[in-house]
Amino acid sequence: MTNSTRAGKRERLAGAAARILHEQGVEKTTLADIARAADVPVGNVYYYFKTKDQLIEAAIDTHGRELRSLIDGLDALPTPQDRLKALVGGWTRQSHVAAQYGCPTGTLASELDKRDDGLDRAVAKVMGELLEWIERQFAGMGRADARELAVALLAAYQGVSLLTNTFRDPALMEAEGRRLERWIDSLA
């Protein structure tokens, strides 16, 4: 087996773990579920990940890589206001996923917080990266209260994700997304 084949299976397992953990939750997900979703024989999972916790950590890393990729794309937009509104628009476009499963990172953070293994701090780091990026955008808009605004924006998204999932109603997130875009415009 070549290194690229190994890396490919490892990445498939990590990506599948991120998706299946989001869809089923940490406690309900088995290694076999993840192996099946990654199209990898379950016996091979142990070659790459010795424990379910290692797979959860790989899923958190996947969330982090996806976030950094998203941020790289948003940073190509001309103004902080455009970047923040594009972030909100991206959230809104995922309203049907949020209605079914909630926010991928937020629900994982909530589940891991109930455990005593340190993985909650790893997912908090990913959420912290997003919070810091949002803060930089508000600071770039000349806002002295950039941190408070960043917390308000991320809290609004996490709150509406929970409500959208609870009521299984994507329209809630879509309406909140429009409100958040108007709010961002009002702060410019």
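**Helix packing and buried residues in a predicted model**

The crossing of helix 7 and helix 8 is left-handed, a term used when the near helix is turned anticlockwise from the far one by less than a right angle, while a clockwise turn is called right-handed. This is a predicted model, in which local features need pLDDT of at least 70 and side-chain atom pairs count only at pLDDT 80 or more, while totals for chains, interfaces and linings use all residues. Residues are numbered from 1 along each chain as its sequence is written, and side-chain values use heavy atoms, with hydrogens and water left out. Helices are DSSP runs (H or I, at least four residues), numbered from the N terminus.

Two packed helices are described by the angle between their axes and the distance between the axes. Here, axes are lines fitted to C-alpha atoms, for helices over the stretch in contact, and angles run from 0 to 180 degrees between N-to-C directions. Helix 7 (residues 104-112) packs against helix 8 (residues 119-140) at an angle of about 155°, and their axes are 8 Å apart. Helix 7 is therefore roughly antiparallel to helix 8; angles over 145 degrees receive this label, those under 35 count as roughly parallel, 65 to 115 as roughly perpendicular and the rest as oblique. On the side of helix 7, the contact (heavy atoms within 4.5 Å) is made by Thr 105, Gly 106, Leu 108, Ala 109 and Leu 112, and helix 8 contributes Leu 119, Asp 120, Val 123, Val 126 and Met 127. By class, this contact of helix 7 with helix 8 has 7 nonpolar, 2 polar and 1 charged residues. In this scheme Ala, Val, Leu, Ile, Met, Phe, Trp, Tyr, Cys and Pro count as nonpolar, Asp, Glu, Lys and Arg as charged, and the others, Gly among them, as polar.

Helix 8 also has helix 4 as a partner. The axes of helix 4 and helix 8 come within 9 Å and cross at roughly 5°, so the two helices are roughly parallel to each other. Among the residues making this contact are Ile 56, Ile 60, His 63 and Leu 67 of helix 4, together with Val 123, Val 126 and Trp 133 of helix 8. The classes in the contact of helix 4 with helix 8 are 11 nonpolar, 2 polar and 4 charged residues.

His 63 deserves a second look. This residue is found in helix 4 (residues 52-74). Is His 63 buried or exposed? With a relative accessible area of 8%, His 63 is buried; buried means under 20% relative accessible area, exposed over 50%, and partly exposed in between (1.4 Å probe, protein chains only). Not counting residues up to four places away in sequence, His 63 touches Ala 18, Pro 104, Thr 105, Leu 108 and Val 126.

A further pair is formed by helix 5 (residues 80-93) and helix 9, whose axes come within 11 Å and cross at roughly 10°. Helix 5 is therefore roughly parallel to helix 9. Leu 84, Val 88 and Trp 91 of helix 5 meet Leu 153, Leu 154 and Tyr 157 of helix 9. The residues of this contact divide into 6 nonpolar, no polar and no charged.

Tyr 157 lies in helix 9 (residues 146-167) and is buried, at 9% relative accessible area. Leaving aside neighbours within four places in sequence, Tyr 157 is in contact with Trp 91, Cys 103 and Met 173. Arg 147, also placed in helix 9, is partly exposed, with a relative accessible area of 39%. Arg 147 touches Leu 131, Glu 132 and Glu 135, not counting residues up to four places away in sequence. The C-alpha atoms of Arg 147 and Leu 131 are separated by 8.3 Å, and the two residues are 16 residues apart along the chain.

The largest nonpolar core (a set of buried Ala, Val, Leu, Ile, Met, Phe, Trp, Tyr and Cys residues joined through side-chain atoms within 4.5 Å) has 54 residues, and those with the most contacts inside it are Leu 13, Trp 91, Ile 134 and Phe 138. Beyond residues up to four places away in sequence, Leu 13 touches several residues, including Ile 34, Ala 35 and Ala 38. These three are also among the buried residues of helix 2 (residues 31-38).

Finally, two loop residues have a notable backbone angle. Asp 39, just after helix 2, has a positive phi of about 60° although it is not a glycine, and is exposed at 63% relative accessible area. Arg 168 lies in the loop between helix 9 and helix 10 (170-187). Arg 168 is not a glycine either, yet has a positive phi of about 50°, and counts as exposed at 53% relative accessibility.
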